[in-house]
Amino acid sequence: TELDTTDDAPKIPKVDRTHLKMQWALIQLGRAEGASVWVPANDRNLSHQQQSFSSQTLARLPNFGFDENTRRIVQNIDTLWLTRNVIRKAFEIESTTQIYSGLLRLNDLVLAQPNNQIELYIVAGSNRRERVQAQLLRPSFQSLISCCEFLSFEAVEEQMKRLEAFPVERGARVSGLVQGERFTIPEHYVY
């Protein structure tokens with residue numbers, strides 16, 4: 001969220017509507033895949049289309065044995081999909097913020113859970129694809145290139161349309177709802 005600083009009005013948090021819409025979509029897609037979904041505590045009070053995030057997400061993040069600093073970082077990842085208290089997928093939504101801040105959180109998650117196979121995603125508009133790739137090519141993040149995928153807002157919206165059109169019975173699960181793009185380090189690349 002950003003602060004609205006127009007006129008002499010009190011500073012009221014201004015919600016990034018694109019971020020909100022994407023986070024809501026990721027909550028719905030995760031639940032359709034049978035995952036428990038986590039969003040940061042500050043986001044649990046949000047709602048989209050008059051449906052609260054808190055009614056669709058975990059109230060508490062399971063204890064993964066993280067130290068307090070790592071736990072604080074991980075619990076602020078935009079969206080986590082869990083199965084049986086194991087993180088399966090982690091999403092950082094980058095609509096207005098600097099891409100590297102989301103990559104830092106994902107990198108910290110990988111460093112904290114080096115033996116887990118967590119799928120990592122940077123979710124952004126197609127127009128930010130090259131910026132995401134440029135950040136992943138930085139020496140600090142090159143270790144993420146093999147495990148972090150780019151997922152466009154447009155792909156998320158398309159999957160939501162497909163999910164809404166799919167007559168899912170109560171309790172039915174769908175798989176493969178998110179398909180990102182993986183980058184590689186170009187041959188002869190020099191930073």
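A residue counts as buried when its relative accessible area is under 20%, so W24, at 6% relative accessibility, falls on the buried side. Keep that cut-off in mind, as burial comes up throughout this briefing on a predicted model. The protein has 5 helices and 10 strands, and buried residues make up 44% of its 191 residues.

**Overall picture**
- If you take the contacts between residues at least 6 apart in sequence, 67% of them join residues at least 24 apart.
- The accessible surface adds up to about 11100 Å², and carbon and sulfur atoms account for 45% of that.

**The nonpolar cores**
- The largest nonpolar core has 27 residues, and L80 and L109 are the ones that touch the most other members.
- Two or more residues apiece come from β6 (79–83), β7 (86–93), α3 (99–112), β8 (119–124), α4 (129–136) and β9 (148–152).
- Helix α3 is the top contributor to this core, with 4 residues.
- L80 has plenty of company from elsewhere in the chain: beyond its neighbours within four places in sequence, it is in contact with S36, V37, W38, L61, V74, I87, K89 and A90.
- Another core, of 26 residues, lies apart from that one, and its members include L26, I93, V123 and M160.

**Helix α1 and what follows**
- Helix α1 covers residues 17–32, and at 1.5 Å a residue its 16 residues should span 22 Å; the end C-alpha atoms are 22 Å apart, so the two figures agree.
- This helix is mostly covered, with 12 of its 16 residues buried.
- Among the buried ones in α1 are H19, Q23, W24, L26 and Q28.
- Just after α1, G34 takes a positive phi of about 90 degrees.
- A35 sits in the loop between α1 and β3 (36–38), and its 8% relative accessibility makes it buried.
- Setting aside neighbours within four places in sequence, A35 is in contact with G30, W81, L82 and R88.
- A35 and V86 are 51 residues apart in sequence, yet their C-alpha atoms are 9.9 Å apart in space.

**Aromatic pairs**
- Searching the whole structure turns up 5 aromatic pairs.
- One of them is W24 with F53, a stacked pair at 5.7 Å centre to centre and 25 degrees between the planes.
- W24 belongs to helix α1 and F53 to the loop between β5 (51–52) and α2 (68–74), so this pair ties together parts that are 29 residues apart in sequence.
- F53 is buried too, with a relative accessible area of 0%.
- F150 and F183 make a tilted pair, because their ring centres are 6.3 Å apart and their planes are at 45 degrees.
- With F150 in strand β9 and F183 in the segment after β10 (181–182), the pair ties together parts that are 33 residues apart in sequence.
- Both F150 and F183 are buried.
- Elsewhere, ring pairs link W81, F91 and Y121 into a cluster.

**A serine in β9**
- S152 is placed in strand β9 and is buried, with a relative accessible area of 12%.
- The S152 side chain reaches the backbone nitrogen of A155 at 3.0 Å.
- Past its neighbours within four places in sequence, S152 is in contact with A124 and S126.

Key. Residues numbered from 1 in each chain as written. Predicted model: local features only at pLDDT ≥ 70, side-chain atom pairs only at ≥ 80, totals over all residues. Heavy atoms only, no water. Core = buried A, V, L, I, M, F, W, Y, C linked by side-chain atoms within 4.5 Å. Buried < 20%, exposed > 50% of the residue type's maximum accessible area, 1.4 Å probe, protein only. Contact = heavy atoms within 4.5 Å. Expected span 1.5 Å × (residues − 1). Areas by Shrake-Rupley, 256 points an atom, 1.4 Å probe, with all protein chains shown as cover. Polar contact = N/O pair within 3.5 Å; in protein donor to acceptor, adjacent residues only side chain to side chain. Phe/Tyr/Trp six-rings, centres within 6.5 Å; stacked < 30°, edge-to-face > 60°.
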